[in-house]
Amino acid sequence: MIELRTPAEIEAMRPAGRFVAETLATLRDETKVGTNLLAIDRRTHELIRRAGAESCYIDYHPSFGASAFGKVICTSVNDAVLHGLPHDYALRDGDLVSLDLAVSIDGWVADSAISFVVGTPREEDLALIDTTERALAAAIQVAVVGNRIGDISSAIAQVAHGAGYSINTDFGGHGVGRVMHGDPHVANDGKPGRGFPLRAGLVVALEPWFLETTDELVTDPDGWTLRSADGSRGAHSEHTVAITEAGPIVLTDRSFLGVD
Ligand code: MG
């Protein structure tokens with residue numbers, strides 16, 4: 001079921017959005033060569049506790065998961081791109097890191113993801129990250145009343161294809177509200193003018209993610225971490241966006257921090 005939020009409810013979602021934005025900026029700043037993925041999880045836990053927020057991940061146990069997630073942030077490194085379960089690994093020079101964080105504050109969820117490189121970057125990784133960011137910006141630009149879900153999907157796909165990446169549509173964007181994953185599904189490829197009409201009050205997480213040379217994923221033995229089937233690297237950019245009469249509001253926008 002697709003739920004529409006009132007302007008007051010969208011306002012009530014802002015604290016969660018702001019917290020997720022600030023936390024991802026902080027974590028990106030603190031994550032260096034040598035940082036352990038478990039330390040990133042512990043640090044996130046501390047920030048969540050201090051803010052009185054609630055993790056959407058720790059007890060998360062969907063049908064595809066082997067068990068409850070048990071951590072508060074997804075850390076996906078290099079050929080891992082989604083749902084990376086933090087484990088005992090110290091980041092190495094040139095690692096491509098994706099952090100995906102969803103929390104709720106006062107019962108409202110915000111969900112956002114960033115990718116970056118620690119240490120010396122490879123050009124190909126920067127291009128991949130840049131493409132997910134441009135695809136996200138293109139998606140937000142068409143997240144306006146009167147368009148349809150397919151317009152968002154198509155905007156993402158055009159950027160990806162323009163940069164030579166193929167697209168996996170198994171995992172994509174989703175409605176966000178009282179829970180992390182709601183309707184509608186927002187695939188990262190689709191036909192313009194098709195799908196659910198975008199109405200004022202629709203709040204969605206938009207999340208382009210691409211792999212360098214494949215669109216196939218494999219699941220790690222941990223039951224969560226999704227990696228490219230060919231070992232090529234992946235990147236992921238996500239924002240929670242409210243569609244309003246006045247245009248899209250990026251609830252997890254980090255620009256107010258002056259860092260993006
Ligand atoms: Mg997310």
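## Ground rules

A residue is called buried under 20% relative accessible area, exposed over 50%, and partly exposed in between, using a 1.4 Å probe and protein chains only. The model is predicted, so local features need pLDDT of at least 70 and side-chain atom pairs count only at pLDDT 80 or more, while totals for chains, interfaces and linings use all residues. Residues are numbered from 1 along each chain as its sequence is written, and side-chain values use heavy atoms, with hydrogens and water left out.

## Salt bridges in and around α3

Let's start with the charged pairs. With a salt bridge taken as a side-chain nitrogen of Lys or Arg within 4 Å of a carboxyl oxygen of Asp or Glu, the count comes to 11. One of them joins Arg50 to Glu46, whose closest N and O atoms are 2.6 Å apart. Both residues sit in helix α3 (residues 37-51), and because they are four residues apart, about one helical turn separates them. Helices here are DSSP runs of H or I with at least four residues, strands are runs of E with at least two, and both are numbered from the N terminus.

The two partners differ in how much surface they show: Arg50 is exposed at 61% relative accessible area, whereas Glu46 is partly exposed at 31%. The pair also belongs to a wider arrangement, a network of salt bridges that links Glu30, Arg43, Glu46 and Arg50.

## Arg227 and its two partners

Arg227 is a nice residue to find in the viewer. One salt bridge runs from Arg227 to Asp79, with the closest N and O atoms 2.9 Å apart. Arg227 lies in strand β11 (residues 226-228) and Asp79 in the loop between β2 (74-77) and β3 (80-82), so this pair ties together parts that are 148 residues apart in sequence.

Arg227 also meets Asp220 in a salt bridge, at 2.7 Å from N to O. Asp220 is buried at 17% relative accessibility, while Arg227 is partly exposed at 21%.

## Glu212, a buried acid without a salt bridge

Glu212 makes an interesting contrast. This residue lies in the loop between β9 (209-211) and β10 (217-219). Glu212 is buried but has no salt bridge, and the nearest side chain of opposite charge, Arg122, is 4.1 Å away. Here Lys and Arg count as positive and Asp and Glu as negative, with His and the chain ends not counted.

Contact means heavy atoms within 4.5 Å. Neighbours within four places in sequence aside, Glu212 is in contact with Arg122, Glu124, Asp125, Leu128, Tyr165, Ser232 and Arg233.

## A negative surface patch

On the surface, Asp170, Asp215, Glu216 and Asp230 form a negative patch. Such a patch joins like charges within 9 Å, from residues with over 30% relative accessible area and no salt bridge. One member, Asp170, is found in the loop between α5 (149-162) and β6 (173-175), and is exposed at 59% relative accessibility.

## Backbone spots to check

Most residues other than glycine have a negative phi, and most peptide bonds are trans. The peptide bond from Asp183 to Pro184 is cis, with omega near 0°, and Pro184 lies in strand β7 (residues 182-186).

Two residues other than glycine have positive phi values: Asn78 near 60° and Asp106 near 55°. Asn78 is in the loop between β2 and β3 and is buried at 14% relative accessible area. Asp106 is in the loop between β4 (96-105) and β5 (108-117) and is exposed at 64%.

Conventions
Patches are made of residues with over 30% relative accessible area and no salt bridge: like charges are joined within 9 Å, nonpolar side chains (Val, Leu, Ile, Met, Phe, Trp, Tyr) within 5 Å. Accessible areas come from the Shrake-Rupley method with a 1.4 Å probe; for residues, only the protein chains shown count as cover. The place of a charge is taken as NZ of Lys, CZ of Arg, CG of Asp or CD of Glu.
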